[in-house]
Amino acid sequence: MLQSMALLEQAPSPGTRAAALDRIRASLDSLSPSERRVAERVLADPAQVIALAINEFAALCDVAQPTVSRFSRSVGFPSYVALRLGVAADFAADGAAATGGSTDPFAAVAGGLRSDATASEVAKAVRHASRVEVWASPVFAAAASLLAARLARLDVPASATVVPEYCAQRAAALPTGAVVILLGGAGDEEAWLEPINLARAASARIVYVALRSASRLLKLADMFIPLPGTAAVELTGPLLAETLAELVRDISFYAGPPGPASPWRGWPHRRQLLLSTSGAPIPAILLSQPQPAKTPSLVIFYSYVGARKEELAPPQGAGDYVSPYFVSALLNAGHNVLLPDPPGHGERKWVWQDTNELFRAGLLDEGPDYLEQVTTETPELIDAALALGVVSSPAQIAVAGQSGGGMQTLLKLAADPRIGCAVAVMPICDITLLSSFADLGERRRTIAGGPSPRMGNQLAPRPLLLISGGQDIVAPASHIESFHEGVAPAYRRAGAEDNLRYLRLDDVAHRFDGRQVDAMLEWLDRHLSPTSPASKPRRRTTTKARAAR
């Protein structure tokens with residue numbers, strides 16, 4: 001059974017194709033006589049598959065019900081239910097495409113490949129692969145080279161070859177997490193069996209692409225993409241390469257201006273730091289520009305509650321972390337970026353300690369108040385940032401963050417009037433919205449430590465951009481709107497209404513969106529001052545004295 005088809009036990013997303021009929025046509029030669037009888041009936045009248053239950057369809061084909069089930073698995077679906085859903089999804093997607101009015105055969109083939117549900121799964125596997133090998137029959141040599149080149153431009157380590165003997169040697173050296181894409185031609189099944197078996201032995205995921213599938217290769221594949229038989233392979237091969245590359249690009253979240261930084265590639269100008277304070281130093285990562293800018297700037301960036309600084313810096317890791325998308329865009333826009341470990345995070349706790357548990361204990365008065373420390377350590381953090389020599393004035397320093405990092409952004413902007421400006425993306429304005437703290441809303445430290453609309457006088461008149469998502473249930477737009485409305489009077493009294501902006505993206509949940517980056521960069525470009533007079537580091541005071549202010 002092909003594992004990728006398990007997703008079709010549920011209704012496919014609107015506009016998504018399962019390529020069910022293409023899969024059946026590609027598998028005809030490998031089916032048993034009784035399964036082929038089922039296949040021919042499906043191809044002759046697909047609507048009957050959608051309309052009939054398995055017992056009714058089996059009777060129509062004059063076969064037993066288990067034969068229909070085996071047929072469904074043979075063509076890549078885990079059950080007859082999944083097959084029905086796949087055929088129905090194809091009807092809906094093809095009908096929608098037909099109403100578009102396009103008569104371009106190239107667009108039709110490309111659209112069919114792009115909407116194939118398995119193609120999207122292949123793109124996800126490729127994006128997170130440690131290495132991608134594209135192995136191809138000679139007829140697909142150009143397509144294989146094109147695909148490898150396109151993937152390399154997207155920071156995916158990829159190579160292509162058409163020599164099975166060479167592939168067998170490479171298979172033995174595949175790293176963990178590799179993906180092999182086989183573009184198979186007719187009649188060459190035997191040549192590819194050994195290298196594909198060796199690749200599977202190395203735990204590589206196998207993607208099989210063919211016009212007509214070979215049964216033994218199909219059984220070895222984790223995912224199968226049937227090529228449409230409506231066009232020559234000289235057309236479908238390159239179109240497949242371009243389509244897969246575009247699908248990978250779509251989920252790569254490149255945002256902001258083009259440049260040398262990528263969320264999928266490490267930044268070479270990186271330094272591990274210990275920022276000096278009156279207490280324990282603050283571990284941080286500095287990502288600096290290769291050449292000093294005429295108008296230097298420094299953005300201090302924070303992420304979700306629990307994030308280590310290493311998770312914020314490119315390259316994007318195995319987890320679903322969005323911060324490298326923001327950070328790489330900041331680098332390409334010419335900013336230097338500082339990534340400190342917040343209190344109770346990363347190197348500022350023991351390895352076995354959980355950040356959420358530490359914060360919870362603090363809010364319960366059972367340990368240090370980490371939420372308060374986010375605020376009280378800010379002046380010394382800014383002093384240490386200035387001491388790096390990247391910028392000469394705190395007006396050239398911005399604070400930015402998303403989710404829990406957005407909450408920290410608000411607290412830090414309020415804590416030090418020297419900070420130039422700030423951007424809070426999907427900020428947690430009420431920490432009790434997080435499940436770990438849901439029952440702590442009445443605790444003294446929770447009320448005192450979190451963001452509050454009452455901090456308007458501490459924020460104004462410095463520029464602050466708030467970004468929310470209309471579909472966000474983690475940091476609801478209503479909470480961010482209330483915060484905005486609460487601090488707005490302070491900005492009006494300061495004559496700085498234009499320095500406070502609230503942007504709501506109605507169709508966005510608690511996730512990354514390129515428009516967040518565009519708004520952030522535009523705001524920083526407008527408000528980070530390159531001309532403010534140099535500022536000496538402030539005289540340090542004790543934590544106790546600062547807390548008493």
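1. Let's start with helix 18, which spans residues 378-387. In this predicted model, nine of the 10 residues of helix 18 are buried, so the helix is largely enclosed by the rest of the structure. Those buried residues are Thr378, Pro379, Glu380, Leu381, Ile382, Asp383, Ala384, Ala385 and Leu386. Just past the helix, have a look at glycine 389, which follows helix 18 and has a positive phi, near 80°.

2. Now step back to the whole chain. The protein chain has 24 helices and 13 strands. Of its 549 residues, 54% are buried. Among contacts with a separation of 6 or more, 74% join residues that are 24 or more positions apart. The accessible surface is about 23,400 Å², and carbon and sulfur atoms supply 53% of that area.

3. A word on confidence before going further. The mean pLDDT of the chain is 85, with 87% of the residues reaching 70 or more. Over residues 1-12, however, the pLDDT is below 50, and the model gives this stretch 31 contacts beyond near neighbours in sequence. Residues 531-549 also stay under 50 in pLDDT, and the model has 28 contacts for them beyond four places in sequence. Please keep both stretches in mind as you look around.

4. The next thing to find is the sheet. Eight strands form an open sheet with mixed pairing, in the order 6-7-9-8-10-11-12-13. Its edges are strand 6 (270-275) and strand 13 (500-505), each of which pairs on one side only. Neighbouring strands in this sheet are turned against each other by 20° on average, with direction ignored.

5. For a closer view of the pairing, try strand 7 (residues 282-287), which pairs with strand 9 in the antiparallel sense over four bridges. Within that pairing, leucine 287 has valine 337 of strand 9 as its bridge partner. As background, strands of a sheet pair through backbone hydrogen bonds, either parallel or antiparallel.

6. Which strands does helix 19 lie across? Helix 19 (residues 404-415) lies across strand 8 (298-302), strand 10 (397-402), strand 11 and strand 12 (464-469), and runs at about 150° to strand 10. Helix 22 (residues 477-493) packs on the sheet too, touching strand 12 and strand 13, and its direction makes about 165° with that of strand 13.

7. On to the charged side chains. Side chains of opposite charge can pair when their charged atoms come close. Across the whole structure, a search finds 28 salt bridges. One of them joins glutamate 347 and lysine 309, at 2.5 Å from N to O. Glutamate 347 lies in the loop between strand 9 (336-340) and helix 16 (355-363), while lysine 309 belongs to helix 14 (residues 309-312), so the pair ties together parts that are 38 residues apart in sequence.

8. Are the two partners of that bridge buried or exposed? Glutamate 347 is exposed, with a relative accessible area of 52%, whereas lysine 309 is buried, with a relative accessible area of 1%. Both residues also belong to a network of salt bridges that links Arg308, Lys309, Glu310, Glu311, Asp341 and Glu347.

9. A second bridge worth a visit pairs aspartate 365 with arginine 443, the closest N and O atoms being 3.7 Å apart. Aspartate 365 sits in the loop between helix 16 and helix 17 (370-376), and arginine 443 in the loop between strand 11 (421-425) and helix 20 (444-449), so this pair ties together parts that are 78 residues apart in sequence. Aspartate 365 is partly exposed, with a relative accessible area of 36%, and arginine 443 also counts as partly exposed, at 33% relative accessibility.

10. There is also a bridge between aspartate 506 and arginine 504, whose side chains meet at 2.7 Å, N to O. Arginine 504 counts as partly exposed, at 38% relative accessibility.

11. Finally, take a look at threonine 355, which has its place in helix 16. Threonine 355 is buried, with a relative accessible area of 4%. Leaving aside residues up to four places away in sequence, threonine 355 touches Val305, Gly306, Gly344, His345 and Lys349. Of these, glycine 306 is 49 residues away in sequence, yet its C-alpha lies 5.3 Å from that of threonine 355.

Terms used:
Residues numbered from 1 in each chain as written. Heavy atoms only, no water. Helix = DSSP H or I, 4+ residues; strand = E, 2+ residues; numbered from the N terminus. Buried < 20%, exposed > 50% of the residue type's maximum accessible area, 1.4 Å probe, protein only. Contact = heavy atoms within 4.5 Å. Areas by Shrake-Rupley, 256 points an atom, 1.4 Å probe, with all protein chains shown as cover. Salt bridge = Lys/Arg side-chain N within 4 Å of Asp/Glu carboxyl O. Pairing = 2+ DSSP bridges. Axes fitted to C-alpha atoms, helices over the stretch in contact; angles between N-to-C directions. pLDDT = per-residue confidence, 0-100.
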